[in-house]
Amino acid sequence: MTIRALGAAEVETAVEWAAREGWNPGLADAAAFRAADPDGFLGAFRGEEMLACISAVRTGEGFGFIGFYIARPEARGQGIGWRVWQAGMARLAGRCVGLDGVVAQQENYRKSGFALAWNNARYQSEAPRIPEADTRGIEDAAAVLFEALLAFDAACFGLPRPEFLRGWIAAPGHRARVARDAAGAVTGFAVLRPCRAGAKLGPLFAVDAATARALVADAAPHRPPGPLILDLPEPHAEAVALAQAMGMEKVFETARMYTRPPPPMQREWIFGLTSFELG
């Protein structure tokens, strides 16, 4: 068995596996992460047959995120998943590593050096109640100076991710929207993106709940058929209240864990996460 970086077609195979696991990935999610780190997806192979995969995407000089950790059903229980996990962690050695793990598996992740930071939750609705809000100040992300958007995104994420951000806002089908105040400063950022079923709104970053509602009111009416999905940090009471006011229901949660203290971030601005599955 060999473990190596995946090519573009092999990454699409991993996306198919994720869809079969019920993860409902965004149609262009993996491409944006791969643009940021072309060798960030790994696979375990027996000959030409891929048996397991993982993402170990590097961001900046000191951060990385583990995700897309899947073994084919017939390959489970043979240590193959563990080997690809070790390869992913080795690729991120020396960095602060984050993940969104199944809550029940926290003890196993602790054995690999992870500590719980908070829980994230997925909320969704087939017919969400769109907030009433003034959307006149919301504009396309392409109209905003990229450096200004990058700085705002970095304040929320914890560090700059320019290659990823360029791919995320320009991906096919993505509706990337920005809020600015009277002085022109960025006060909110949201991306609505199509998924296998419905659409996800992520990230949803805003300096306050009113701005978050305006971004949702602008983006949500443009979603494709199917559920609207919002992944959010569960300790953020205003984010939870926004989802509940829209009639969205919590469908599951994950444990956000890190191997070191996470990068400094404006957590009160995070009304919606970028991606559960990939970071």
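**D153**

I looked up D153 in this predicted model and found that D153 sits in helix 5. Buried or exposed? I count D153 as buried, because its relative accessibility is 0%, where the cut-off for buried is under 20%.

I then checked what the side chain of D153 pairs with. The side chain of R161 makes a polar contact with that of D153, at 2.8 Å. With neighbours within four places in sequence set aside, I list R161, L165, F189 and F205 as the contacts of D153.

**Nonpolar cores**

I looked up the largest nonpolar core next and noted 46 residues in it. F41 and F189 have the most contacts inside this core. Which helix gives the most to this core? I find that helix 5, residues 146–157, does so, with six residues. Another core lies apart from this one; I noted 27 residues for it, including A179, A219, A220 and L232.

**F41**

I listed the contacts of F41, again without neighbours within four places in sequence. They are R4, A5, L6, V11, A30, F33, R34, I54, S55, V57, F68 and L278.

**V216**

I located V216 in helix 7, which spans residues 209–219. V216 has a relative accessible area of 1%, so I entered V216 as buried.

Which residues does V216 touch, not counting those up to four places away in sequence? I recorded P131, L201, L204, P221, L242 and M246. I also looked up the C-alpha separation of V216 and E132, which is 9.4 Å; these two residues are 84 residues apart along the chain.

Methods: Residues are numbered from 1 along each chain as its sequence is written. This is a predicted model: local features need pLDDT of at least 70, side-chain atom pairs count only at pLDDT 80 or more; totals for chains, interfaces and linings use all residues. Side-chain values use heavy atoms; hydrogens and water are left out. A nonpolar core is a set of buried Ala, Val, Leu, Ile, Met, Phe, Trp, Tyr and Cys residues joined through side-chain atoms within 4.5 Å. Buried means under 20% relative accessible area, exposed over 50%, partly exposed in between (1.4 Å probe, protein chains only). Helices (H or I, at least four residues) and strands (E, at least two) are DSSP runs, numbered from the N terminus. Contact means heavy atoms within 4.5 Å. A polar contact is a pair of N or O atoms within 3.5 Å; within protein, one must be able to donate a hydrogen and the other to accept it, and residues adjacent in sequence count only if both atoms are side-chain atoms.
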